[in-house]
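Here's a quick briefing to read with the viewer open. Take a look at the fold, then work through the notes by topic.

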Amino acid sequence: MRNLYHILFFLFSFLGFSQEDAWVYFKDKPNSQYYFDNPLQMLSQRSLDRRVNQNIGLDIKDIPIHQPYVEQISASSGIIVKAKSKWLNAVHIRGSVTAIQSLTSLTFVDHVQFANDLLNFSGRITQNTASKTFNSVNKNLDVNTTFNYGNSTNQVQMLNVHLLHQANYTGTGKIIAVLDSGFSEVNTIAPFSRMFSNGLYLGGYNYVGGNSNVFSTHNHGTMTLSCMSGYVEGELVGTAPDAHYYLFITEDVSEENPVEESYWVEAAEEADRLGVDVISTSLGYFGYDNPNYSHTYSDMTGNVAFASRGANIAFSKGMIVVASAGNSGNSTEPHIGVPAEATNVIAVGAVKFDETYATFSSIGPSFDGRVKPDLMAKGQSATVSNTNGNIVDASGTSFACPILAGAVTILWQAIPWATNQQIVDFVKQSADRFANPTNQFGYGIPDFQLALNMAQLSVNTDLKGKFLVYPNPTNEYFYVSFPNGIEKAEIKLYNSMGQKISEKELNSSNLISMENLTSGMYFYKIESNSLIQSGKIIKN
């Protein structure tokens, strides 16, 4: 009887008085047609242009959340609205279980999802079916242009980014949004003076503090930003020193709570509205201070977690999202977390100066078996700026992420006709383990000069039919099968440097030998009088 009393007392206390986090999803957006008729009321011209360039139409996710719904939720007794998302048509709230449950009676509420999965069956405590014991969360997140890179030479040249810099691809005309924990002293220290003197800082917002003060709070964003925009001659050159930047604080350094995922999505939506091209985010979520809120490995299926869902939508709007893989490689739960595990996010792991695996870097695969991490960059002893403006070494996938995000940005500058999916494909296909990905490296370390070469070779006419090239990968040879209506063509093979290594006339169907070529990636270009087709072929 005594035990029953304690159990009932616990349940009553839990349901009646504890503060919980939850998402409230709305049924509709009543003013949708107005925004479809007036798109500049919800998106900037640059955002609309990005969609037109990639043949992306407007949809209901673009419509702002209905503010009267938000206000009614906010006015409900015992409820605090912490964040909102137009993409997911939801608000993140905090309140007692009873107060949150009462919101389901509102006619415009579709459903409520508690951050605590134990409460998602009618708000009752249910048996936890997966272990959610985690270590305490560490909030200290670890024409020709010639630059003197200094100590940053290794991290730039590892990706062949210096070759793109030499061709004047340094980020001009592209916009990067950085989502992080704070950007202390960025507006005062020398490594960022180039960004401000050239008008490359476009603005920002602190979603945690609810204000526009982004040059405070924490040093993590300062260091990550320096990997892209930092510039100190002979000491540090970022991978995209001439890109424009928005800075958003979405990480609360005082706690680890799912509301940070909601802040993240809110910032990504603003990045979309402003016309951002690339999001770089060195943040990750797996365990929370309250273990009942924590994710489990079984959640890592690409589109379950709130921030992962938001990241996938960001990609669907034409942006590229690059996220740090995480620093849990040596832990009991070594797998990549949210949002890096999302289906359409480039998850970046860390390597050392010699391109070997940095053992702290989180690993794959995702729970549903997808390749993760996607790519690797230098993350152990990376060269960064601290908040004093000193150029120092720091380690973590937090730095591999922006190094690679800047590289992605300048590649997009070099081939502005490409869609975000094409950019991602070119970069992955250029990586050194593309043919044989692993759980530690994913597809490996990309070569951005190779990615650019592939892109330039891939430009072809948009005509009916297609040559069939198979098998690919191949061991010794491949066939080329003709589409209907074509009888003659010519094939040219190129090596990874873009140099032509062979040329052959084709007739109807052909066998192409690769017997005398070394293993690696090659590129073909097939031309007929009515069709040009390019692609890659891998020799095992």
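Phe426 comes out as buried, because its relative accessibility is 9% and the cut-off for buried is under 20%. Keep in mind that this is a predicted model. Below are notes on that residue, then on the two open sheets, a hairpin, some helices and the aromatic pairs.

**Phe426 and its place**
- Phe426 belongs to helix H13, which covers residues 420-429.
- Measuring tape in hand, so to speak: Phe426 and Asn206 sit 34 Å apart in space, C-alpha to C-alpha, with their positions 220 residues apart in sequence.

**The parallel sheet**
- Seven strands make up an open sheet with parallel pairing, and the order is S6-S9-S5-S10-S11-S12-S13.
- Which strands stand at the edges? They are S6 (201-206) and S13 (375-378); each has a single partner strand, so one side of each has no neighbour in the sheet.
- From one strand to the next, the twist averages 25°.
- At the S13 end, S12 (residues 345-351) pairs with S13 in the parallel sense over four bridges.
- If you want a residue to click on there, Gly349 has Met376 in S13 as its bridge partner.
- Helix H12 (residues 397-414) packs on this sheet and touches S5 (175-180), S10 (278-281), S11 (320-324), S12 and S13.
- The direction of H12 makes about 125° with that of S12.

**The antiparallel sheet**
- Another open sheet has four strands, ordered S19-S18-S21-S22, and here the pairing is antiparallel.
- Its edge strands are S19 (500-507) and S22 (532-539), each of which pairs on one side only.
- The twist in this sheet averages 20° from one strand to the next.
- S18 (residues 488-494) and S21 (residues 520-527) run antiparallel and are joined by five bridges; Ile491 has Ile526 in S21 as its bridge partner.
- S21 and S22 also run antiparallel, with eight bridges joining them; here Lys525 is matched with Ser534 in S22 as its bridge partner.
- How many residues lie between S21 and S22 in their hairpin? There are four.

**The S14-S15 hairpin**
- S14 (residues 382-385) and S15 (residues 391-394) pair in the antiparallel sense over four bridges.
- One of the bridges to look at takes Ser385 to its partner Ile391 in S15.
- This hairpin has five residues between the strands, and Gly389 takes a positive phi near 85°.

**Helices: one crossing, one covered**
- H3 (residues 45-53) and H10 (residues 259-274) have axes that come within 5 Å and cross at roughly 85°.
- That makes H3 and H10 roughly perpendicular to each other.
- On the H3 side the contact is made by Arg46, Ser47, Arg50 and Arg51, and on the H10 side by Asp272, Arg273 and Leu274.
- By type, the residues of this H3 and H10 contact split into five charged, one polar and one nonpolar.
- H11 is mostly covered, with ten of its eleven residues buried.
- Among the buried residues of H11 are Phe306, Arg309, Asn312, Ile313 and Phe315.
- Just after H11, Gly318 has a positive phi of about 105°.

**Aromatic pairs**
- The structure holds 19 aromatic pairs.
- Tyr297 and Phe367 have ring centres 5.2 Å apart and planes at 90°, so this pair is edge-to-face.
- Tyr297 is in the loop between S10 and H11 (306-316), whereas Phe367 is in the loop between S12 and S13, so the pair ties together parts that are 70 residues apart in sequence.
- Phe367 is partly exposed, with a relative accessible area of 45%.
- Phe434 and Tyr443 make a tilted aromatic pair: 5.4 Å centre to centre, with 35° between the planes.
- Is Tyr443 buried or exposed? Tyr443 is buried, at a relative accessible area of 16%.
- There is also a cluster in which ring pairs link Tyr205, Tyr207, Tyr246 and Phe248.

Definitions and conventions. Residues numbered from 1 in each chain as written. Predicted model: local features only at pLDDT ≥ 70, side-chain atom pairs only at ≥ 80, totals over all residues. Heavy atoms only, no water. Axes fitted to C-alpha atoms, helices over the stretch in contact; angles between N-to-C directions. Helix = DSSP H or I, 4+ residues; strand = E, 2+ residues; numbered from the N terminus. Parallel < 35°, antiparallel > 145°, perpendicular 65-115°, else oblique. Contact = heavy atoms within 4.5 Å. Nonpolar A, V, L, I, M, F, W, Y, C, P; charged D, E, K, R; others polar. Pairing = 2+ DSSP bridges. Phe/Tyr/Trp six-rings, centres within 6.5 Å; stacked < 30°, edge-to-face > 60°. Buried < 20%, exposed > 50% of the residue type's maximum accessible area, 1.4 Å probe, protein only.
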